[in-house]
There are 2 protein chains.
Amino acid sequence: MSRAFNFSAGPATLPEAVLRQAQAEMLDWHGVGASIVELSHRGPEFMQVAAEAEADLRALMSIPDDYAVLFLQGGATTAQALLPLNFAAPGQAVDYVVTGHWGKTALKQVKHCVAANVAANGEPGGYRDIPARDTWQLSSDAAYVHYTANETIHGVEFRDIPDVGDVPLVGDFSSSIVSEPLDVSKFGVIYAGAQKNLGPVGVSVVIVRRDLLERAGQPRAEILDYRAHLKGESMLNTPPTWNWYLAGLVFKWMLAEGGVTEFAARNARKSALLYGVIDQSGGFYRNEVAAAVRSRMNVPFFLHDEALDKPFLAQAQEAGLISLKGHRALGGMRASIYNAMPEEGVQALATFMRDFQQRHG
Amino acid sequence: MSRAFNFSAGPATLPEAVLRQAQAEMLDWHGVGASIVELSHRGPEFMQVAAEAEADLRALMSIPDDYAVLFLQGGATTAQALLPLNFAAPGQAVDYVVTGHWGKTALKQVKHCVAANVAANGEPGGYRDIPARDTWQLSSDAAYVHYTANETIHGVEFRDIPDVGDVPLVGDFSSSIVSEPLDVSKFGVIYAGAQKNLGPVGVSVVIVRRDLLERAGQPRAEILDYRAHLKGESMLNTPPTWNWYLAGLVFKWMLAEGGVTEFAARNARKSALLYGVIDQSGGFYRNEVAAAVRSRMNVPFFLHDEALDKPFLAQAQEAGLISLKGHRALGGMRASIYNAMPEEGVQALATFMRDFQQRHG
């Protein structure tokens with residue numbers, strides 16, 4: 001088929017203009033006689049790509065100078081494993097706020113080396129809401145407080161930055177980074193796998209307040225040490241150049257489209273449209289998340305009759321709307337509508353959902 | 001320019017046919033309406049890509065069933081850091097044979113958690129030869145013996161598999177994997193970053209004898225645990241799908257070209273041609289590595305007069321021969337001639353080198 005509207009949760013749809021540019025440059029990048037994926041990461045060509053990517057991300061997110069930006073391999077889960085190694089002393093307390101599947105995964109990566117405290121846990125409520133800030137049981141001496149800004153599977157999103165006092169706040173922004181303006185200065189660390197809002201899978205971004213890099217952390221290999229990565233300009237070993245390059249193209253596309261303010265407006269319209277269709281369906285479609293914390297990025301929903309799931313997915317695919325099946329942990333449907341999903345894609349889905357209800361309601 | 005002959009040490013040149021296929025499929029993979037980089041790693045499309053990549057690599061390398069094959073992020077350096085965590089008890093002895101820059105890097109990743117013993121060290125001789133096997137000081141109780149099959153910077157290559165008795169042998173094959181037939185059954189672990197002979201940077205391959213995965217190792221995060229990666233089919237977190245896919249295309253290309261036996265013959269001819277030009281230049285060009293251990297993959301060489309380096313590189317580039325500058329640790333020139341470098345590329349370089357000598361000799 002021609003290009004479908006792809007609602008995959010990640011790896012997710014990329015801007016078509018970015019894919020077309022990568023396609024055009026695939027055999028010969030800027031006339032050098034080779035693809036960017038075939039060139040040395042330390043050569044002038046890729047060093048320029050890397051420098052522009054960092055500068056563009058800094059511009060997009062208004063990242064202050066006292067924050068370092070790293071482009072690394074391993075994804076968000078590896079970043080989760082490196083948090084205590086880099087920022088907590090052996091056995092020190094760390095606080096985790098768990099509001100979905102990925103918060104739980106983050107916690108799993110650190111238990112062997114620190115005193116991980118679950119300060120708040122949305123699991124008893126099926127992760128349909130975020131525990132109120134005044135119920136959180138924070139440690140007095142925590143190395144950091146970790147939370148997941150947007151839960152991709154459960155569709156739960158913090159709509160403001162939690163206040164945790166002077167303890168460094170660590171945010172997993174894998175699925176909502178650059179989707180709206182964010183005050184980076186409120187954070188100790190922001191990290192994100194790229195495959196939702198930043199570009200292709202295979203590269204991750206870690207934004208870290210520089211003073212935290214002076215912490216001793218725990219015994220670890222050089223390649224697991226953020227200080228060493230900063231000193232090595234994220235090129236301590238050969239970095240994933242193609243992925244980094246493609247993320248850089250996405251940053252330029254976002255800047256050209258108007259930056260995070262523009263995307264915040266588009267994302268608000270897109271998510272409002274979808275939740276509207278669901279809420280106005282009289283129970284034909286159902287989203288169970290508390291209205292105040294519904295995700296603007298991932299809209300999980302259920303059909304009132306499970307027997308309709310298969311025809312819904314099949315007919316959606318025929319209509320050019322793909323990857324709508326929900327995560328196996330939750331079932332049902334999920335529409336992921338990151339920055340690269342155009343408004344016309346969400347409009348097409350909304351129309352399809354209304355039509356499907358008429359045919360099967 | 002049109003496609004140059006690219007002698008980059010890694011990221012390195014890729015088969016043009018593979019790049020053309022990736023280019024053609026960039027916006028729509030096999031008619032699904034999206035690029036492979038935009039699809040879920042757990043969806044049927046990518047699961048098929050992953051399964052074929054493993055099957056093809058197993059066929060290429062004749063990997064026995066009692067070996068697991070993992071496709072992971074992080075590159076060879078991360079693999080080096082994970083070796084002791086997965087295969088050695090805290091403080092246990094591990095033996096390292098250091099024959100160049102990368103063996104030294106491997107050692108640096110493990111010192112904090114095991115008793116790393118340098119069993120042999122080529123550094124005093126400037127890494128121009130490999131210490132004879134009967135001089136190695138192996139520990140009696142080592143968890144494993146590590147060596148670097150081919151040193152990319154120093155151009156030193158083991159031409160046979162060292163006998164280390166019953167202790168598992170761990171080989172870094174980043175720059176020589178699938179360049180010739182290899183008896184995998186002689187190894188405990190073979191690992192390789194992909195960016196030289198296997199495909200693009202951003203994915204690495206770890207081939208591990210399954211019984212070694214039963215070792216307790218050291219306390220570590222799940223994402224740093226090879227057992228967990230095996231159980232999760234190398235999809236414990238979102239894997240670098242595009243990189244994995246491109247490596248899979250390279251495997252299919254290698255099989256279609258005749259497999260490792262054919263590439264062994266081509267690589268022997270290519271390296272013999274280059275060393276011949278150097279050795280017959282009467283000292284105009286110089287390679288300092290002992291003849292018996294000269295690398296078939298990376299040919300470092302020096303011009304007799306450093307003042308000729310710049311004109312050599314400039315005129316080579318004009319002739320469509322790029323990325324010949326040596327690593328900064330060694331200086332001089334380096335021609336990396338992995339599987340994807342066609343024989344005509346090496347012939348063009350040989351002709352250029354002879355002509356350059358005539359003009360400047």
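Student: Before we look at any residue, what does buried mean here?
Tutor: Buried means under 20% relative accessible area, whereas exposed means over 50%. Please keep in mind that this is a predicted model.

Student: OK, is B:Glu157 buried or exposed?
Tutor: B:Glu157 has a relative accessible area of 2%, and because the cut-off for buried is under 20%, this residue counts as buried.

Student: Where does B:Glu157 sit in chain B?
Tutor: B:Glu157 belongs to strand β7 of chain B, which covers residues 156-157.

Student: And which side chain does the side chain of B:Glu157 make a polar contact with?
Tutor: The partner is the side chain of B:Arg296, at 2.7 Å. B:Arg296 also appears among the residues that B:Glu157 touches, leaving aside those up to four places away in sequence, and that list includes B:Ile130, B:Ser176, B:Glu180 and B:Met297.

Student: Switching to the sheet in chain B, what's the strand order?
Tutor: Seven strands of chain B form an open sheet, in the order β2-β10-β9-β8-β5-β3-β4, with mixed pairing. The edge strands are β2 (67-72) and β4 (115-121) of chain B, each of which pairs on one side only.

Student: How do β8 and β9 of chain B pair?
Tutor: Strand β8 (residues 169-172) and strand β9 (residues 189-193) of chain B pair in the parallel sense, over three bridges. Within this part of chain B, B:Asp172 stands opposite B:Tyr191 in β9(B).

Student: Which strands does helix α2 of chain B lie across?
Tutor: Helix α2 (residues 44-61) of chain B lies across β2 and β10 (204-209) of that chain, and runs at about 125° to β2(B).

Student: What about α4 of chain B, which residues are buried there?
Tutor: In helix α4 (residues 101-108) of chain B, the buried residues are B:Gly103, B:Thr105, B:Ala106 and B:Leu107. The elements that these buried residues of α4(B) pack against include α3 (75-87), β3 (93-98) and β9 of chain B.

Student: Over to chain A, at what angle do α7 and α9 pack?
Tutor: Helix α7 (residues 259-279) and helix α9 (residues 343-360) of chain A pack at about 5°, with their axes 10 Å apart. The two helices α7(A) and α9(A) are therefore roughly parallel to each other. Among the residues that meet are A:Arg266, A:Leu273 and A:Val277 in α7(A), and A:Glu343, A:Val346 and A:Met353 in α9(A).

Student: Last one, what turn lays chain A on chain B?
Tutor: A turn of 180°, with a shift of 0.0 Å along the axis, lays chain A on chain B with an RMSD of 0.0 Å. The two copies are thus related as by a two-fold rotation axis. The same surface serves both copies, since 100% of the contact residues of chain A recur in chain B.

Conventions. Residues numbered from 1 in each chain as written. Chains lettered and ligands numbered in written order. Predicted model: local features only at pLDDT ≥ 70, side-chain atom pairs only at ≥ 80, totals over all residues. Heavy atoms only, no water. Least-squares fit on C-alpha atoms with pLDDT ≥ 70 in both. Contact = heavy atoms within 4.5 Å. Helix = DSSP H or I, 4+ residues; strand = E, 2+ residues; numbered from the N terminus. Buried < 20%, exposed > 50% of the residue type's maximum accessible area, 1.4 Å probe, protein only. Polar contact = N/O pair within 3.5 Å; in protein donor to acceptor, adjacent residues only side chain to side chain. Pairing = 2+ DSSP bridges. Axes fitted to C-alpha atoms, helices over the stretch in contact; angles between N-to-C directions. Parallel < 35°, antiparallel > 145°, perpendicular 65-115°, else oblique.
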